[in-house]
Number of protein chains: 2
Amino acid sequence: MSPYAHPRLTPRRRAVLDVLRASPDHPTASEVYDRVRETAPGIGAATVYRTLGMLVSTGQALELNLGDGVSARYDANVTRHDHLVCERCGRAVDVDLGVPAALVDAVTRTTSFTITGYDLQVRGLCPHCQASPGTGHPDPGHLEKEH
Amino acid sequence: MSPYAHPRLTPRRRAVLDVLRASPDHPTASEVYDRVRETAPGIGAATVYRTLGMLVSTGQALELNLGDGVSARYDANVTRHDHLVCERCGRAVDVDLGVPAALVDAVTRTTSFTITGYDLQVRGLCPHCQASPGTGHPDPGHLEKEH
DNA sequence: TACCAGTTGAGAACGACTCTCATTATCTAC
DNA sequence: GTAGATAATGAGAGTCGTTCTCAACTGGTA
C-alpha cells in the first residue's frame, strides 16, 4: 500500500546513498544523477529520483528548498542544523544556530499548530561573491568542480 | 540593460499588486494569475510571472520557498517575518519569532559570509490536519475556497 | 506628431520531476 | 537449488511551473 513499506537497499540505492553521503555540497537531484552514473553507469533518472524520495521518507536524507530557484537539494546530514545560503552563487553551508526552544514553544501556544521541526535559512554573500563585482545575477562561476 | 530600471506601474501591474496585497494566504503564481483574471480578464500568464518577478526585485513583494513542493509563493508583506507551514495541507501562516540578533551575528563571525537576512520556517500540523486522520499525503481538502 | 523605450500576450521552449509499463532482480518458501 | 510472489528498474512519455521569443502595442516625450 504505502510506498517504501519494505524498502530494499539494492545496489542502485546503495550507490545513490553513497554519493549523497560523499557530497557535503547539498547537490540537486540531477547532480546526484550525474555523480551516481560514475559508479553505476546504467542507472536511470527515474531510479535516482525515486531513491532520493525513498531516502527522504525513511529519514536517511533531507530535502532542502534553499530558495535558489527551481530544484530541490538533498542532504545526507540528518541531524538538526540550519543553512547559510549565498544569494549569488547558491552555495549552501551547514550551520547550527541553536534557536532557543522557548521561541518555538511560543509558536505552539499562540497558533495551536503542532510543531514538528524548523529550519533557519540565513541569506548572505559568501567570501568569493563579496570579492567579485556584483552582476545582480546568480554567478556560480567560482564553483567549478575541483578535480 | 538591467530589467526594471524604469518600471512603470501599468494597469496590468497595478492589478497584480492589488491582488497580492489582498491575499494574505501566500498564493502561488498561478493562483495570482487566476485571481487577477477576475479584474483584468485579458492578462497573460507571462505578464503575471514577469510582474511578480519585478515586484520581488523592486522590494514590493517576497518570494517564498515553503518546501511544499514545486511552486514559489508570493507575499506582499515585506516586513521581516517568519513562516509556519502545515506539512500536510501546505497552509502557511505569518509569524515572527524574533530570533536574537546575537545568533545571526555569530554566523557572520564564524563563516565570513556577509549576512543579508534570514527566514525561519517552522513546520507542523495545523489544527484542521491534526483533527483529520493522516494519510501521509498532502491533503489540502479543508482549504477549499470559501465563497 | 513621431519617436522609442518599455510592455504585452500567445505560444513555443525549457527544466525538474512523475508516471507508466514491460522487463528484471530479489526475497521467501519449498 | 527452483518456483512463485513481490519489489525494483530503465526508457520514454507526460505533467507542471516557469521563462523565452517575438511581433504588436502603449505611453511618455521631444
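**Close-up 1. A six-stranded open sheet built from chains A and B.** In this predicted model, six strands line up as β4(A)-β3(A)-β5(A)-β5(B)-β3(B)-β4(B), giving an open sheet with mixed pairing. At the edges sit β4 (92-95) of chain A and β4 (92-95) of chain B, each with pairing on one side only. Going from one strand to the next, the twist averages 25°.

**Close-up 2. Helices α4 on the sheet.** Helix α4 (residues 101-111) of chain A packs against the sheet, where it touches β5 (114-125) of chain A plus β3 and β4 of chain B. The direction of this helix makes about 125° with that of β5(A). Over in chain B, helix α4 (residues 101-111) lies across β3 (82-86) and β4 of chain A, along with β5 of chain B, and runs at about 125° to β5(B).

**Close-up 3. Strands β3 and β5 of chain B.** Here β3 (residues 82-86) and β5 (residues 114-125) run parallel, joined by four bridges. Look for B:His83, whose bridge partner in β5(B) is B:Gln121.

**Close-up 4. The protein surface around DNA strand D.** DNA strand D has 20 residues around it, and the closest are A:Thr10, A:Arg12, A:Arg13, A:Thr47 and A:Arg50. Of the strand's atoms within 4 Å of the protein, 72% belong to sugar and phosphate. Sorted by class, this surface has eight nonpolar, six polar and six charged residues. Helices α1 (11-21) and α3 (45-57) of chain A and α3 (45-57) of chain B each chip in at least two residues.

**Close-up 5. Polar contacts with DNA strand D.** A side-chain N or O atom of A:Arg50 is 2.8 Å from a base nitrogen. Phosphate oxygens come up twice: one lies 3.0 Å from a backbone N or O atom of A:Gly44, and one is 2.9 Å from a polar backbone atom of B:Ala72.

Notes: Residues are numbered from 1 along each chain as its sequence is written. Chains are lettered from A and ligands numbered from 1 in the order in which they are written. This is a predicted model: local features need pLDDT of at least 70, side-chain atom pairs count only at pLDDT 80 or more; totals for chains, interfaces and linings use all residues. Side-chain values use heavy atoms; hydrogens and water are left out. Two strands pair if DSSP finds at least two bridges between them. Axes are lines fitted to C-alpha atoms, for helices over the stretch in contact, and angles run from 0 to 180 degrees between N-to-C directions. Contact means heavy atoms within 4.5 Å. A residue is near a molecule or strand if one of its heavy atoms lies within 4 Å of it. A polar contact is a pair of N or O atoms within 3.5 Å; within protein, one must be able to donate a hydrogen and the other to accept it, and residues adjacent in sequence count only if both atoms are side-chain atoms. Ala, Val, Leu, Ile, Met, Phe, Trp, Tyr, Cys and Pro count as nonpolar, Asp, Glu, Lys and Arg as charged, and the others, Gly among them, as polar.
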